[in-house]
There are 2 protein chains.
Amino acid sequence: MRLAELSRTTGVPPATIKWYLREGLLPKGEATARNQAQYDDAHVRRLRLIRALVEIGGMTTQEARNILAVVDDPNASIDQVVGAAHGALARVPDSDSDATTLAQVDHFLASRGWKVMPGSPARAELAGIVRAMAQFTPGYDHSDLALAAGLAPYADAVDQLAAAEVEELPRDVPRDVLVEQVVLGTVLAERLIGSLRRLAQESAFLTRYVAPSDTNR
Amino acid sequence: MRLAELSRTTGVPPATIKWYLREGLLPKGEATARNQAQYDDAHVRRLRLIRALVEIGGMTTQEARNILAVVDDPNASIDQVVGAAHGALARVPDSDSDATTLAQVDHFLASRGWKVMPGSPARAELAGIVRAMAQFTPGYDHSDLALAAGLAPYADAVDQLAAAEVEELPRDVPRDVLVEQVVLGTVLAERLIGSLRRLAQESAFLTRYVAPSDTNR
C-alpha cells in the first residue's frame, strides 16, 4: 500500500508517519519509484505499536526507539524485552540511592517470593516511593513488618493480574509476534490499571465529599 | 532555617532549591538580609511534595505548578484538587476522539456504579486504551459484554484499593493538610501500583521463561 493508504488504515496522519520514518521508528517501505514506496501489514502493526508506546505509554521518541531496538533484535531474550519496556515505564528517582530502603524492599520482595530481574528499574522505583512515603507520614514505622503490611493490599491486587497476563500470552507463535504482545501488554496494562484506579478514586471521592444532589451536574 | 539547612533537612541540593524558587514552585522565604532568607517547616513539606510530583510522578515543572496552584487556592474544592492531579497523570491520546468507544466506556463505568467527575481525564485515557486493545487483538469482540469481561479483573483489583485510600484520609484536619495528602496519595499510589505490577510481572516471566538454574545469577 502507498503512504496515503497506510495513513487511512491506521488513522495516523501522513506527516506523523513521515516523522516516524525519519526518526527511524518505522522501517522504510520498499522503494517503487523516486519519492514513492510500498508499505505492508508489518508497517501497519509497527505503526500501531509506536502509537501505543508514545500516545498511551507517554514515552519519548528515544524511549520508544530503545524498546523497538530490543524488539527487533532476534537475539534478545524475552526478559531483555520486558526489561526494556520496564526501563521506559519506571521513574527512578535521581536522589542519592538509599541502601537501607533498597534492602527493605528486597526483604519485602523475598517475603512475597517474587523473583526480581537483574537491574530491575521497578525495584529502584519502589525504593524511591517507600522513601517518599516515609518522609510524608508522621510517626512512620520503619520496620519490615510495617512496610509489608502497608504494601500488602497493593501487592495482592497486582499479583494475580500479572500472573494471568503472562499465562495468557500465546504459545507456539513466532518470536516477533510474542515480543510485540509482551511490550503491548506491559504498556497497555500499566495505563489500564492506572486509569481504572483513578476512575475508582473519583467515584470514592464523589461519594464521600459531594452531596448526592451535586453529582448529576 | 537558612537555605543550607533546608537542603540538609530535605536532601534536595541547594541549586535545585534555588531553581524551584525561581520557577515559583517553592514560595520565597522571609527575607532577613540582602541575599538571605529564612525558611520554615512549610517549606520543608512543600519541597518534599514537589519532589514527589516531579521525581516520583514524573511530572514536568509546568504540570507540578498547575497542581500546586490548585493546592494553594483556598477556594478549590477537593474534587478540583483530585482533577488537577489526575490531569497530570493521565495520557489522553491526541488522536481523533471516538464517540463509540467513549460511549462503551461510559456503559462500563455505569455498570460498575462508578460516578465520574466532569471532564475526567481518566475516562478519555481509558477510551484510548480500549481502542488500542481493539486494534491489536485479532478477532476483538466489540460488544459491551466482552469489554466488561476484559476490564473486570483490573477494575476489581483497584476498586477496594481506591475506596480504602479515600476512607483512610484524615478527618478534621486543616484544608492544606488534607489537600496535600490527597495529591500525595494520588501520585504515590499510582506509581506504587505500577512498580509493584511490573515486579509481579518480572517474577511471572522469570518463572515461565527462565530455567530455575538461571534465576540466581
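## Exercises on a predicted two-chain model

The secondary structure of chain A comes to nine helices and two strands (DSSP runs numbered from the N terminus: helices are H or I with at least four residues, strands are E with at least two). The model is predicted: local features need pLDDT of at least 70, side-chain atom pairs count only at pLDDT 80 or more, and totals for chains, interfaces and linings use all residues. Residues are numbered from 1 along each chain as its sequence is written, while chains are lettered from A and ligands numbered from 1 in the order in which they are written.

### Exercise 1. The overall form of chain A

Task: work out whether chain A is spread out or compact relative to the globule rule.

Solution.
- Begin with the order of elements. From the N terminus they run α-α-β-β-α-α-α-α-α-α-α.
- Take the radius of gyration over C-alpha atoms, and the globule rule as 2.2 Å times the number of residues to the power 0.38.
- Chain A has a radius of gyration of 22 Å, well over the 17 Å from the rule for 217 residues, so chain A is more spread out than a compact globule.
- Add the box. Along the principal axes, the C-alpha atoms of chain A fill roughly 70 × 55 × 35 Å.
- Now burial. A residue is buried if 20 or more other C-beta atoms lie within 10 Å of its own, exposed if 12 or fewer, and partly exposed in between, with C-beta atoms placed from the backbone. Of the 217 residues of chain A, 42% count as buried.

### Exercise 2. The hairpin

Task: describe how strand 1 and strand 2 of chain A pair.

Solution.
- Two strands pair if DSSP finds at least two bridges between them. Strand 1 (residues 30–33) and strand 2 (residues 36–38) of chain A have three bridges, in the antiparallel sense.
- Locate a facing pair: A:Ala33 is opposite A:Gln36 of strand 2.
- Inspect the turn. The two strands of chain A form a hairpin with two residues between them, and A:Asn35 there has a positive phi of about 60 degrees.
- Check chain B. B:Asn35 has a positive phi of about 60 degrees although it is not a glycine. B:Asn35 counts as exposed because it has 6 C-beta neighbours inside 10 Å.

### Exercise 3. Helix 3 and its surroundings

Task: find what the buried residues of helix 3 of chain A pack against.

Solution.
- Start with length. Helix 3 (residues 41–56) of chain A has 16 residues and reaches 22 Å from first C-alpha to last, close to the 22 Å expected at 1.5 Å a residue (the expected span is 1.5 Å times one less than the number of residues).
- List buried positions. Among them are A:His43, A:Arg46, A:Leu47, A:Ile50 and A:Val54.
- Recall the geometry: an α-helix has 3.6 residues a turn, so residues three or four places apart point the same way.
- Read off the partners. In chain A they are helix 1 (3–10), helix 2 (14–22), helix 4 (61–72) and helix 9 (175–209); chain B adds helix 7 (121–136).
- Look past the end. Just after helix 3, A:Gly58 takes a positive phi of about 70 degrees.

### Exercise 4. The interface

Task: state how many residues each chain brings to the contact, and which helix of chain A gives the most.

Solution.
- Two residues are in contact if their C-beta atoms, placed from the backbone, lie within 7 Å. Chain A brings 71 residues and chain B brings 71 residues.
- Helix 3, helix 5 (78–89), helix 7 (121–136), helix 8 (144–167) and helix 9 of chain A each supply at least two residues to the side touching chain B.
- Helix 9 of chain A gives the most, with 23 residues.
- Sort by class. That side of chain A has 40 nonpolar, 14 polar and 17 charged residues (nonpolar: Ala, Val, Leu, Ile, Met, Phe, Trp, Tyr, Cys and Pro; charged: Asp, Glu, Lys and Arg; polar: the others, Gly among them).
- Compare the two sides. The copies meet through the same surface, because 100% of the interface residues of chain A are also interface residues in chain B.

### Exercise 5. The symmetry

Task: identify the operation that lays chain A on chain B.

Solution.
- Superpose by least squares on the C-alpha atoms of residues with pLDDT of at least 70 in both copies.
- A turn of 180 degrees with a shift of 0.0 Å along the axis gives an RMSD of 0.0 Å.
- The two copies are therefore related as by a two-fold rotation axis.
- In chain A, the C-alpha nearest the axis belongs to A:Ala157, 2.5 Å from it.
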